[in-house]
Amino acid sequence: MLELMRRELKFKLDDVEHKLTYPTVKQMAEYSAGYEESENKLECVINFLELLGLEKNIGNGLELDHLNIIITTLTEEKK
């Protein structure tokens with residue numbers, strides 16, 4: 001039997017641990033469509049991370065490099 005478990009991305013920011021769920025197919029499709037149409041890409045990314053469990057004030061306080069690492073990790077396909 002194949003057993004699938006939902007994954008979480010855990011990361012530490014200033015010694016505080018945070019966790020996000022990996023996006024579902026539907027969440028990823030909605031994010032991709034919204035991102036393409038959005039005039040404010042950064043706000044779109046922050047809203048997506050909030051949907052996955054990140055507090056908005058934490059998302060807005062991330063450095064751009066941190067934000068890029070998190071999004072890349074959450075959205076890259078496993079090989």
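These legends describe close-up views of a predicted model.

**View 1. The largest nonpolar core contains 19 residues.** Leu-20, Leu-49, Leu-54, Ile-70 and Leu-74 have the most contacts inside this core. Strand E1 (8-13), helix H2 (41-51) and helix H4 (64-75) each supply at least two of the core residues. Helix H2 gives the most, with five residues.

**View 2. Leu-49 and its contacts away in sequence.** Leaving aside residues up to four places away in sequence, Leu-49 touches Leu-20, Leu-54, Leu-67, Ile-70, Ile-71 and Leu-74. Leu-49 is also among the core residues with the most contacts inside the core. So are four of the residues it touches: Leu-20, Leu-54, Ile-70 and Leu-74.

**View 3. Strands E1 and E2 form an antiparallel hairpin.** Six bridges join the two strands. Two residues lie between them, and in this hairpin Asp-14 takes a positive phi near 55 degrees. Side chains alternate along E1. Leu-9, Phe-11 and Leu-13 point to one face and are buried. Glu-8, Lys-10 and Lys-12 point to the other face and are not buried.

**View 4. His-18 is a buried residue of strand E2.** Strand E2 covers residues 16-21. The relative accessible area of His-18 is 12%, so this residue falls under the 20% limit for buried. Phe-11 stands opposite His-18. Not counting residues up to four places away in sequence, His-18 touches Leu-9, Lys-10, Phe-11, Leu-13, Leu-54 and Ile-58. Among these contacts, Leu-9, Phe-11 and Leu-13 belong to the buried face of E1. Lys-10 points to the other face. Leu-54 is one of the core residues with the most contacts inside the core.

**View 5. Ring pairs link Tyr-31, Tyr-35 and Phe-48 into a cluster.** The structure holds two aromatic pairs. In one, the ring centres of Tyr-31 and Tyr-35 are 5.8 Å apart; their planes meet at 50 degrees, so the pair is tilted. Both tyrosines lie in helix H1 (residues 25-37), four residues apart, about one turn of the helix. Tyr-31 counts as buried, at 11% relative accessibility. Tyr-35 counts as partly exposed, at 29%. In the other pair, the rings of Tyr-31 and Phe-48 have their centres 4.0 Å apart; the planes are at 15 degrees, so this pair is stacked. The stacked pair links distant parts of the chain, with Tyr-31 in helix H1 and Phe-48 in helix H2, 17 residues apart. Tyr-31 and Phe-48 are both buried.

**View 6. Lys-41 and Arg-7 each sit over a tyrosine ring.** The charged end of Lys-41 sits over the ring of Tyr-35, 4.8 Å from the ring centre. Tyr-35 is also a member of the aromatic cluster. Arg-7 lies over the face of Tyr-22, at 3.8 Å from the ring centre.

**View 7. Ser-32 in helix H1.** Ser-32 is partly exposed, with a relative accessible area of 33%. The C-alpha atoms of Ser-32 and Val-45 are separated by 9.9 Å. Along the chain, these two residues are 13 residues apart.

Methods:
Residues numbered from 1 in each chain as written. Predicted model: local features only at pLDDT ≥ 70, side-chain atom pairs only at ≥ 80, totals over all residues. Heavy atoms only, no water. Core = buried A, V, L, I, M, F, W, Y, C linked by side-chain atoms within 4.5 Å. Buried < 20%, exposed > 50% of the residue type's maximum accessible area, 1.4 Å probe, protein only. Contact = heavy atoms within 4.5 Å. Phe/Tyr/Trp six-rings, centres within 6.5 Å; stacked < 30°, edge-to-face > 60°. Lys NZ or Arg CZ within 6 Å of the ring centre and 35° of its normal. Pairing = 2+ DSSP bridges.
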